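Let's walk through this protein together, one set of side chains after another. Keep the structure open beside you as you read.

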Amino acid sequence: MAALTAASVIYGSTVIPLAEVTTALSRALGFTAGDPGPIDRIIVDLRLPRAILAIAVGAGLGVIGLLLQTVTRNDLADPFLFGLSAGAAAGAVAVITRIGDRIGVFTLPLAAFVGGMCATAVVLVLIRRTQGYGPERLILAGLAVSFLFTALTNYLVFSGDQRAAHSVLFWTMGGLGLASWRNIGIGLAGAALALCYALVRHRHLDALLGGEETAESLGVPVARLRTMTFLVASFSTALLVSIAGVIGFIGLMIPHVARPLAGPLHGRLALVCALFGAVLLLASDLIARTLLPPQELPVGVVTSSIGALFVVIALLRRR
């Protein structure tokens, strides 16, 4: 992760020598005298916050995927499956195509957060309206909400201002271009919430590995744990998507990669998922920024390509 962070600061549309990076960081920290120049601003104000945001978003999505896969007992569970990402994307697209930048730089993050929480509310209402509260109903409700908000997003795109299509495309496929020192706290908060919850509740989550009946016999309130975990995952996802857009497959892949190395128990597994998620998104963002210079690919294109390759390899290995 440290090596990729350094590479993210050095490489981009313009390669900056390591000596200049070190000097700029030293000057920003006050260890070296002198006025900051254009290179200093690129390093300190653009690339470094972007690398930190990539760490936060990748770590958060990795842990969220672990939480959702545990409480639903579904190896394919991730924020995409439950409509959380789709709701956040719909909120952002509604602002881009209908409202515009009314409240400054936080307009898009706020709209995406509201959209994600609306999707969460719809999922919970659907579950409460049906009998029982098993993982199957949670998954079905999430799929329905995901399709609903995806359809709403497509309607907004085609019925709105067509000049905003490029911005909408970039947003719905994810990107870290909004990273700045003013808003990376949003990403750090989302990652910290998911990771802290996983570490605090790791024994209850471990009990779920033996099945619902086993967990209940050990004193774990399974229904309440599932609801609370879903709410925490929803809130964290809304925070992360509000600043980075919809970045797919990280939540699905990372738990599968981490389990063989960390084991099934959540105390260690959550930390390894956070680390691997951060590494994957750092590497993906570096590829997205350097593959077609000076253009920048949406990072979701890279993560989706890696995710598709991962699923194919997993299928072939299981055969």
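In this predicted model, Glu212 and Arg226 form a salt bridge through their side chains, with 2.6 Å between N and O. Glu212 belongs to helix H10 (residues 212-217) and Arg226 to helix H11 (residues 222-244), so the bridge ties together parts that are 14 residues apart in sequence. How accessible are the two partners? Glu212 is partly exposed, at 31% relative accessibility, whereas Arg226 is buried, with a relative accessible area of 3%.

That bridge is one of five salt bridges in the count. Another joins the side chains of Asp40 and Arg27, at 2.4 Å from N to O. Here the link runs between helix H3, where Asp40 lies, and helix H2 (residues 18-28), home of Arg27, so parts 13 residues apart in sequence are tied together. Asp40 is buried, at 10% relative accessibility, while Arg27 is partly exposed, at 22%.

Now turn to Arg50, which also sits in helix H3. Its side chain meets that of Asp285 in a salt bridge of 2.9 Å, N to O. Because Arg50 lies in helix H3 and Asp285 in helix H13, this pair ties together parts that are 235 residues apart in sequence. Both Arg50 and Asp285 are buried; for Arg50 the relative accessible area is 10%.

Which residues does the salt-bridge network around Arg50 join? Bridges that share partners connect Arg50, Asp285, Arg289 and Glu296 into one network. The side chains of Arg50 and Glu296 also make a polar contact of 2.6 Å. If you look around Arg50 and set aside its neighbours within four places in sequence, you will find it in contact with Leu176, Gly177, Ala179, Asp285, Arg289 and Glu296.

Helix H13 (residues 266-290) also holds Ala288. Is Ala288 buried or exposed? Its relative accessibility is 0%, so Ala288 counts as buried. Apart from neighbours within four places in sequence, Ala288 is in contact with Gln295, Glu296, Leu297, Val299 and Val302. Glu296 is thus on the contact list of Ala288 and on that of Arg50. As for His256, 32 residues from Ala288 along the chain, the C-alpha atoms of these two residues are separated by 24 Å.

From charged side chains we can move on to nonpolar ones. In soluble globular proteins, nonpolar side chains tend to be buried together. The largest nonpolar core in this model has 64 residues, and the members that touch the most others are Val57, Phe82, Phe230 and Ile247. Helix H3 (residues 38-72) gives the most to this core, with 12 residues. A second, separate core has eight residues, among them Val9, Ile10, Ala24 and Val44.

Phe230 is a good place to zoom in. Leaving out neighbours within four places in sequence, Phe230 is in contact with Leu68, Phe82, Leu84, Thr120, Val123, Leu124 and Leu138. Phe82, in that list of contacts, is also one of the core members named above for touching the most others.

The aromatic rings give one pair in the count. How are the rings of Phe113 and Phe235 arranged? Their centres are 5.2 Å apart and their planes stand at 90°, so the pair is edge-to-face. Phe113 is in helix H5 (residues 107-128) and Phe235 in helix H11, and the pair links distant parts of the chain, 122 residues apart. Phe235 is partly exposed, with a relative accessible area of 35%. Helix H11 therefore carries both Phe235 and Arg226, the salt-bridge partner from the start of this tour.

Finally, consider the cysteines. How many disulfides does a search of the whole structure find? The search finds zero. Cys196 shows why a bond is ruled out in its case: the closest cysteine sulfur, in Cys273, is 15 Å from the sulfur of Cys196, too far for a bond, since a disulfide needs the two sulfur atoms within 2.5 Å. Cys196 is partly exposed, at 47% relative accessibility. Cys118 is partly exposed as well, with a relative accessible area of 39%.

Note on methods
Residues are numbered from 1 along each chain as its sequence is written. This is a predicted model: local features need pLDDT of at least 70, side-chain atom pairs count only at pLDDT 80 or more; totals for chains, interfaces and linings use all residues. Side-chain values use heavy atoms; hydrogens and water are left out. Helices (H or I, at least four residues) and strands (E, at least two) are DSSP runs, numbered from the N terminus. Buried means under 20% relative accessible area, exposed over 50%, partly exposed in between (1.4 Å probe, protein chains only). Contact means heavy atoms within 4.5 Å. A nonpolar core is a set of buried Ala, Val, Leu, Ile, Met, Phe, Trp, Tyr and Cys residues joined through side-chain atoms within 4.5 Å. A salt bridge is a side-chain nitrogen of Lys or Arg within 4 Å of a carboxyl oxygen of Asp or Glu. Rings of Phe, Tyr and Trp (its six-membered ring) pair if their centres lie within 6.5 Å; planes under 30 degrees apart count as stacked, over 60 as edge-to-face and the rest as tilted. A polar contact is a pair of N or O atoms within 3.5 Å; within protein, one must be able to donate a hydrogen and the other to accept it, and residues adjacent in sequence count only if both atoms are side-chain atoms.
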